[in-house]
Amino acid sequence: MLATLLTGAALTAALPWLFRRLPRATAWLPATFAAGITLYLIFQIPAVQAGAFLREDLAWAPTLGISLSLRLDGLGLLFSLLIAGIGVLVALYAAEYLKDDPRLGR
């Protein structure tokens, strides 16, 4: 889960640079990434229905006892699927709607 978040942040930061090199292909990258997250979450449904949950911990400041914990349970899965699914639709719509906008890529 943490790798997915970091990959999304890196892709978001790289999109303006990528757009200058591949303007037609770059518009579809956010939709592809969101679709990949949606598929990953769909494959987690059976495990979450069985009562399991995914958990990932990262020691942020171990001397202070601070850590970053991510947990995917039923409610989190529902909202994650909603957000990622709507993200796919928004990215696809925006890619087509803004394809001729001179400000695209800013």
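Here is a walk through this chain, from confidence to fold to surface.

Keep in mind that you're looking at a predicted model, so confidence is a good place to begin. The average pLDDT over the chain is 85, and 94% of the residues reach at least 70. Where is confidence lowest, and where is it highest? The low end is helix 2, residues 23-26, with a mean of 70. Helix 4, residues 74-97, sits at the high end with 91.

Now for the fold itself. The chain holds four helices and two strands. Trace them from the N terminus and you read α-α-α-β-β-α, with helix 4 covering residues 74-97.

Next, the overall dimensions. Measure the C-alpha trace along its principal axes and you get about 45 × 35 × 15 Å. The radius of gyration is 17 Å, whereas a compact globule of 106 residues would come out near 13 Å. As for burial, 18% of the 106 residues count as buried. What about contacts along the sequence? Take those between residues at least 6 apart: 62% of them link residues at least 24 apart.

Finally, the surface and the charges. About 7,600 Å² of the chain is accessible, and carbon and sulfur atoms account for 70% of that area. On the charge side, there are 8 positive and 6 negative side chains. How far apart do the centres of the two sets lie? The separation between them is 8 Å.

Key:
Residues numbered from 1 in each chain as written. Predicted model: local features only at pLDDT ≥ 70, side-chain atom pairs only at ≥ 80, totals over all residues. Heavy atoms only, no water. Rg over C-alpha atoms; globule rule 2.2 N^0.38 Å. Buried < 20%, exposed > 50% of the residue type's maximum accessible area, 1.4 Å probe, protein only. Contact = heavy atoms within 4.5 Å. Areas by Shrake-Rupley, 256 points an atom, 1.4 Å probe, with all protein chains shown as cover. Lys, Arg positive; Asp, Glu negative; His and termini not counted. Charge placed at Lys NZ, Arg CZ, Asp CG, Glu CD. pLDDT = per-residue confidence, 0-100.
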